[in-house]
Each structure stands twice: as C-alpha cells, then as structure tokens.
Amino acid sequence: MCGIVGYAGEKKTIPILIDGLKRLEYRGYDSAGLAVISKERRLEVRKSPGRVSELEATLKDMPETGNRIGIAHTRWATHGEPTKENAHPHIDCTGNIALVHNGIIENYEALRTYLEERGHTFISKTDTEVVAHLIEEFLKEKGTTFLDAFIKAIQHIKGSYAIVAISVLEPDTIYASHLSSPLVIGQGEGENFLASDASPFLGKASEVLYPPEDEVVVITKDEIKLFDLNKNKRDPVFEKLEGTLESIQKGSYSHFMLKEIHEQPERIRDAMRGRLLLREGDAKLGGLEPIWGDIVNAKRIIISACGTSWHAGLVGKYMLEEIARVHTDVEYASELRYRNPVFEKGDVLFVISQSGETADTLATLREAKSKGVTVAGIVNTVGSTIAREAGVGVYIHAGPEIGVASTKAFTSQVSILALITLAIGRAKYITQEKGVVIAEAMNALPEKVGRALGAEDEIKSIARDFKNSKNFLYLGRGANFPTALEGALKLKEISYIHAEGYPAAEMKHGPIALIDENMPVVFVAPQDGIYEKVLSNIEEVRARKGKVIAIANEGDDRIKSLADYIIRVPRTLGWLGPIVNVAPLQLLAYYLALERGCPIDQPRNLAKSVTVE
Ligand code: M6R
C-alpha cells in the first residue's frame, strides 16, 4: 500500500529519494515524507500531505546533507488521516531516530500505552510511531547497540511490516526488516538501495536481494549484511536485477493506464510465449510441472483472488468447466480466509495476483498450504511474496503495471488460465485435432485484441455523449459475465461513475427497475453460443428506453437495429472472448474518466497493492 525508498551512497540523496518515491507513487499517494542526515549529524525531516510533488515543494530550504543515507515514504493511510503529522517518517522523542513503515502494527495500542507510561510523547495517530519510540526505549538499556534495539522492537510488534530506520548515532547505516510486506534491496557500485519494489533502482542497481522475512538487513554504501533475530549473520543471496527503465515510464502516452491497455497484444504474446504448442495443439507450463499430476487429476480447482484478479479467476471457471471439464470454484480471498473452508483430497488451489502482495490472497495461500492443499500462484510481480510462498506457479510476464486500475494483468492472467485449460483438456480428453484449433485461436488473440483497440475513436465519441451519466449497467452472459463485472469495476475505479455488472439474464430479477432513458447499458454481445439469448435481453432494455451500447462482433448485422452504439470486436472462440471483449471496456472507462477530468492513474482512495486486509 505504502511505498518505501532508502539510499546509502555518496550521490545527492534527496533527488534519488524523490525519484524513487515518484516511481512508487502508484502504491499510495495521500502524503509523503523523507529523512536525511545533515552534515552536522542532525536528522532533517520533511513531510507533506498530498502527492510527492507537494513534498518536493517543501524541500527548497533543505540544508546541505551529508549525502550518505536517506529514507522516504509515500503513504496510503490506514491509522490516522493523511495529514503532515501522520505522514512518515516518524521520529522518536530524542529526535535521533527516523522510521518508515508499510503494513499494520496490530498491537500498537498496547505498545503505545506501555511507552506513554514510560514518558514517551506521541505526535501522530499512526500505528507506526510506536516503533520509533520502542527502539529509543530499548536503546536506553546499557550496552545496547542500534541493531540490538531494532531487533528487540521487531520482536515486540505483531502484524505486518516493512520497517526501515536510520539514526544519527550511525549516520552511514540503514536498518530494515519485513514480514508480510514487501522489501527489496538493490546493490549498485558504491551505493545500495532498498524499496518496496525494484522500480526505484531500475537502471541504478545491478543485483537484487529479496531478504527473508523476519531477518534484519543492515545497509551501508559498501555493504549489505543480513542477520537473523538472534544476531547470527546470514548469507544474502543476490539475483540479477531484471527489468528496463522503459517499462516503468509512460513514454508518449498521457497515462500509464492507456499505455498498459495498448501494450496488451504484446503482453498476451509474452504470456503465451514458449508455453503454447501450436503443432501439438497443447500447452506446457514449466512452473506447474512439480504438481502437474495433481492438477490433471484434481477433483476440484479452487481459484482465489481479489478485485480484477478475481474476475480473471471467474473467467477461468467458465473455461475450466466448459473445456477441461473440471469442477471449479472461485472464491474472494478475503472471504475464504476467514470461513474455515472445507478442503478435500483432490483439491488444487490457484491464487491469482498481479502484485503478488495482496494481504487477503496471501493469507488464503497460507491457510490452504497449512491444510496440505496443493497450491500454485499465477502472479505478475517477480519475486513477490505470493510468488515466493506459493513456490510453484506461473508468471504472467505482463511487466510492471503502474496504473492503479488493472488492465494488462487481467488479459494476461486470463491467457494463462486458457493455457492451463488447454493443457488439462489435452491431458484428459481433447484430441490433438481439436487442440490445434484451440491453440490457433489462442495464437490469434494478440492480433484480435489489437484490432479491438482500434475502436478508440468511436469509444471517445461515446464517452463524450455519456460523460454526465450517473450510472451504468454492464451485462454479459457465460464467460462474458465476468467481462461485464470487469468493465463495471474499471468505470467505478477511475471515473467515479456508479456501475454494476450483472449476468444479462439476471437483469429482470431486479436491476431492470433502474432502466429508463437515462441509463446506459453496456452489453457484451459477441456471436457465441448464447448470442440469441443476449439479443432478447437487449430487447428488454430497449423496451424500457435504456440506451444500449453493444460490444459486438465485426460483421454482425443483426445488432444494428438493436443497439444505439456499437463497438466492433473480432470474433474468437466463445470461452476466449473475454480477452478480446474487455479491451473496449477498458478504453470506455479510460475516456469517460478523461472527459470527467479524473486523476486516472491514481484514483482517489485506491492503491495499487493492497497489503492490508
Ligand atoms: O495485485 P492483485 O492482483 O492481488 O490485486 C487485486 C486487487 O486489489 C486489484 O485487482 C484491484 O481490484 C484493482 N484496483 C483493479 O483495477
């Protein structure tokens, strides 16, 4: 949720921290702050409510810094409003320690009482501030080093955290630890970095370390050391830092969301590369090999996720049941984790997550693993907590997704589910001949998504006509019911227009009461097996004067007399349809939000990765 950056090196620290915060701003953007150590060995802290640009404006009077270390934070508020006082870094009573945190300290109230009884004064309403005071308190004990006090503080807190602290007592050293919140260390030449993900040091560091949870990382410009909580030294394992600077820049696009929408053909190709076997009419997912026998013989597949990833999972249910003939349940991770679910022999759980950090999805994964269920991850972010803890799984290879509204991750996730569907189907009963037909249809998807995105001008004009609408209804059937849900979610998130997604035939059981001449109804209406039924649903809306916007196949003439607006998409196999049909819905949400002047990449109240439950 929040973004953390740290730097140890001799370059100008503040611009590095600000650049890092800007790259992480998608994680949270209601307040920001930084702390460095001045040449006189004083902590210099600046904080501001609002965006990183507002923090930047407060830096003009910064004194010369030692340019040795610094930490910074961009916040998504949990405890306490987004004010300057509640912004990180938080400082102890002596003013010697500065600390930033991502996550939630669940026992902060008890710790705060304990510390207040010992004379500590608190400035903020956050859960985080207790940790700075705890370190201060433990440092009072004779012979205690900063490392000792830091470890002791970590041992006293319950909850999830990535905590990074600096102190004037050791002006060259950054201390950090994490549990159920991401933390990545970047190793450069004579400089080292840390952050919530690797984007702040892309182009600057060459190697990356994903520190194990509940260990302490001690960083100076020349060294990265790891300790367990008994102060035993551990050997850090570095990996080559993958990823390009270009992948986290907007390029010529006005928003990351638009860039990511247009990247989809290429990203879908990346998701399928080396995995789709055209000649064999089959698919092979190396990451699933260790549990492939369990997957093929699964009595039930459970897919658990949140938000857009949950919608991808729901498309997966339609695919897996229709094509691979395997019973599939799709569960909101936030519900599954607290339901004491019944898992049985023969169950296989897939968790889906773009960020690989979503707290509820991670908890589901842990719950299922603890009960002995076979689990696998379908994840975008390489090295993320879910990817590592799942152990087995598939990377979707969508590249960094920075727009808060998920777009390319959805189509890549669904593409992976399609590959899994094909592979299970082939292992069970689909003939090679039929497999080849499916594989060819999948291979054509990138080009078809590209064509669907070509309807941009019609979509812009529809957005102009409906920019003042207060509500939208999105309807679809079969695998396109989740497409409708996803279209509605995109619209709500970035344009703040209220939107509902429904199975088209459910409309008459309630939502039909909403339909009048002011209600735009988006129908996902490709010529698949349920097309005729959808046409009847469109008639029902027209009879009540609703405005029909149809996502319809190229060459479909029947739709002309039924829809007020038509957005054309190429035809594909019915169960693959969501990958193509969602593209215009993403663009429609984008252009409606643009017409309404909304902050598209950073919509209010949202954050890219939801690391709190
Ligand atoms: O990173 P994840 O895929 O686990 O995130 C799940 C949801 O938080 C995410 O899809 C959210 O709903 C997006 N804002 C949707 O655009």
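## Aromatic pairs, a β-α-β unit and a buried helix

Both F150 and Y175 are buried. The model in which they are found is a predicted one, and a search of the whole structure finds 9 aromatic pairs in it. The points below take up some of these ring pairs, then a β-α-β unit, and finally helix α7.

**Aromatic pairs across the chain**

- A pair of aromatic rings is described by the distance of the centres and the angle of the planes.
- For Y7 and F193, the ring centres lie 5.3 Å apart and the planes meet at 55°, so this pair is tilted, as the angle falls neither under 30 degrees nor over 60.
- Y7 belongs to strand β1 (residues 3-8) and F193 to strand β10 (residues 192-195), so that the pair links distant parts of the chain, 186 residues apart.
- Y7 has a relative accessible area of 0% and is buried, and F193, at 3% relative accessibility, also counts as buried because the cut-off is under 20%.
- The rings of F150 and Y175 have centres 5.9 Å apart and planes at 40°, and this pair is therefore tilted.
- This second pair also links distant parts of the chain, with F150 in helix α5 (residues 146-156) and Y175 in strand β8 (residues 174-179), 25 residues apart.

**A ring cluster and a charge over a ring**

- Ring pairs join F466, F472, Y474 and Y565 into a cluster.
- The ring of Y496 has the charged end of R604 sitting over it, at 3.8 Å from the ring centre.

**The β-α-β unit**

- Strand β23 (residues 471-476) and strand β24 (residues 498-503) run parallel and are joined by 6 bridges, among whose residues G476 has P503 of β24 as its bridge partner.
- Together with helix α17 (residues 480-495), strands β23 and β24 make a β-α-β unit that is right-handed.

**Helix α7 and its surroundings**

- Of the 9 residues of helix α7 (residues 264-272), 7 are buried, and the helix is therefore largely enclosed by the rest of the structure.
- The buried residues of α7 are Q264, P265, R267, I268, D270, A271 and M272, and what covers them includes helices α6 (256-262), α13 (408-428), α14 (432-443), α15 (445-452) and α19 (577-595), as well as strand β16 (276-277).
- After α7 comes G274, whose phi is positive, near 75°.

Methods:
Residues numbered from 1 in each chain as written. Predicted model: local features only at pLDDT ≥ 70, side-chain atom pairs only at ≥ 80, totals over all residues. Heavy atoms only, no water. Pairing = 2+ DSSP bridges. Helix = DSSP H or I, 4+ residues; strand = E, 2+ residues; numbered from the N terminus. Right-handed = clockwise from strand over helix to strand, strands pointing away. Phe/Tyr/Trp six-rings, centres within 6.5 Å; stacked < 30°, edge-to-face > 60°. Buried < 20%, exposed > 50% of the residue type's maximum accessible area, 1.4 Å probe, protein only. Lys NZ or Arg CZ within 6 Å of the ring centre and 35° of its normal. Contact = heavy atoms within 4.5 Å.
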